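Let us walk through this protein together, starting from one helix and working outwards. Please keep the model open beside the text as we go.

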Amino acid sequence: MEPGMEELMPRLLPVEDCDLSEDFDPTVPPRTPQEYLKRVQIEAARCPDVVVAQIDPKKLRKKQTVNISISGCQPAPEGYAPTLKWQQQQVANFSAIRQPKSEDEEGWKKFCLGERAYSEIDALSDNENLGIDYLKVGFPPLLSIVSRMSQATVTSVLEYLTSWFGEKKFTPELGRWLYALLACLEKPLLPEAHSLIRQLARRCSEVRVLEENKNEEQISALNLIICLVSRYFDQRDLADEPS
């Protein structure tokens with residue numbers, strides 16, 4: 001290696017020039033450490049300072065298949081283009097998913113149960129078929145939603161809905177969310193979660209007794225929540241006795 005290159009690329013492990021015997025043959029495998037180091041020095045000295053790759057431009061051009069399009073999306077098939085109002089509604093729904101914070105009790109109640117149940121409105125008129133308006137009927141507990149919730153948020157939302165359920169009637173929307181939140185609770189339970197699920201099970205038992213029409217589907221849902229709280233989460237004193 002030239003002295004100038006030595007300054008730019010210092011040896012990682014500096015080695016003095018080796019004093020080898022006159023019969024040293026670089027084609028024979030090294031027998032001593034000195035011979036090995038000498039072989040390395042000889043091979044390094046034979047390497048050119050600059051290496052240029054020989055590339056055939058013709059072969060390179062043949063294998064280039066990159067297609068770049070600067071146009072927009074393809075238009076929807078005739079008769080299937082969404083209206084502007086529909087698109088605005090979906091953006092509003094999607095935005096609502098991202099809004100509630102862990103401490104926003106009212107926001108979570110509306111998010112899970114919808115404005116219709118939260119405000120106890122029986123019906124809301126629709127001037128145009130916009131599909132399901134989740135702001136009105138509540139967002140279902142999709143995996144994409146509940147999987148992003150921390151344990152603190154799960155416990156908070158469970159508290160909000162249990163509190164709401166303490167004064168309101170049981171609904172399918174509420175049942176779906178309670179089931180999903182229970183599924184997200186990690187064991188062993190935190191003290192606040194332990195108290196919450198016991199309160200929830202007792203409320204379910206109260207509503208079950210007061211159910212006038214004895215709606216089989218609703219009673220079955222209440223039974224399920226009581227069963228999960230008492231037997232999965234080991235609150236055996238709240239369990240129903242086998243019939």
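Our starting point is helix α11, which spans residues 216-232: its 17 residues reach 23 Å from the first C-alpha to the last, close to the 24 Å expected at 1.5 Å a residue. Helices here are DSSP runs of H or I with at least four residues, strands are runs of E with at least two, and both are numbered from the N terminus. The expected span of a helix is 1.5 Å times one less than its number of residues.

A word on what you are looking at: this is a predicted model, in which local features need pLDDT of at least 70 and side-chain atom pairs count only at pLDDT 80 or more, while totals for chains, interfaces and linings use all residues. Residues are numbered from 1 along each chain as its sequence is written, and side-chain values use heavy atoms, with hydrogens and water left out.

Which residues of α11 are buried? They are Gln218, Ile219, Leu222, Ile225, Ile226, Val229 and Ser230. They lie on the same side of α11 because they cover an arc of only 125 degrees around the axis, the arc being that of the directions from the helix axis to the C-beta atoms. Buried means under 20% relative accessible area, exposed over 50% and partly exposed in between, with a 1.4 Å probe and protein chains only. On the face turned away from the buried side of α11 you will find the exposed residues Glu216 and Glu217. The cover over the buried residues of α11 includes α8 (151-165), α9 (172-184) and α10 (191-210); contact here means heavy atoms within 4.5 Å.

Now look at the two ends of this helix. At its start, a side-chain oxygen of Asn215 comes to within 2.9 Å of the backbone nitrogen of Glu217. Just after α11, Asp234 takes a positive phi of about 60 degrees, although Asp234 is not a glycine. With 46% relative accessibility, Asp234 counts as partly exposed.

Close to the end of the helix sequence, turn to Ser230, which is found in α11 and counts as buried at 1% relative accessibility. Leaving aside neighbours within four places in sequence, Ser230 is in contact with Gln235, Arg236, Leu238 and Ala239.Some of these partners appear again when we turn to Arg198, a residue of helix α10. Is Arg198 buried or exposed? At 16% relative accessibility, Arg198 counts as buried. Its contacts, not counting residues up to four places away in sequence, are with Val229, Gln235, Asp237 and Leu238. With Asp237, the side chain of Arg198 makes a side-chain to side-chain polar contact at 2.7 Å. A polar contact is a pair of N or O atoms within 3.5 Å; within protein, one must be able to donate a hydrogen and the other to accept it, and residues adjacent in sequence count only if both atoms are side-chain atoms.

Next come the aromatic rings. The structure holds two aromatic pairs, and one of them is formed by Tyr232 and Phe233, edge-to-face at 4.9 Å centre to centre with 85 degrees between the planes. Rings of Phe, Tyr and Trp (its six-membered ring) pair if their centres lie within 6.5 Å; planes under 30 degrees apart count as stacked, over 60 as edge-to-face and the rest as tilted. Tyr232 is partly exposed at 48% relative accessibility, whereas Phe233 is buried, with a relative accessible area of 5%.

The ring of Tyr232 has a charged partner too: Lys187 lies over its face, at 4.4 Å from the ring centre. A charge sits over a ring if NZ of Lys or CZ of Arg is within 6 Å of the ring centre and within 35 degrees of the ring normal. Lys187 deserves a second look, as a cis peptide bond joins Lys187 and Pro188, with omega about 0 degrees. Pro188 itself has its place in the loop between α9 and α10.

Another charge over a ring takes us to α8: the charged end of Arg203 sits over the ring of Phe165, 5.3 Å from its centre. Phe165 is one of the buried residues of α8, among them also Val154, Leu158, Tyr160, Leu161 and Trp164. Helix α8 is mostly covered, with 11 of its 15 residues buried. From first C-alpha to last, α8 reaches 21 Å, close to the 21 Å expected at 1.5 Å a residue.

Finally, step back to the whole protein. How many helices and strands does its secondary structure come to? There are 11 helices and zero strands. Of the 243 residues in the protein, 28% are buried. Among contacts between residues at least 6 apart in sequence, 60% join residues at least 24 apart.
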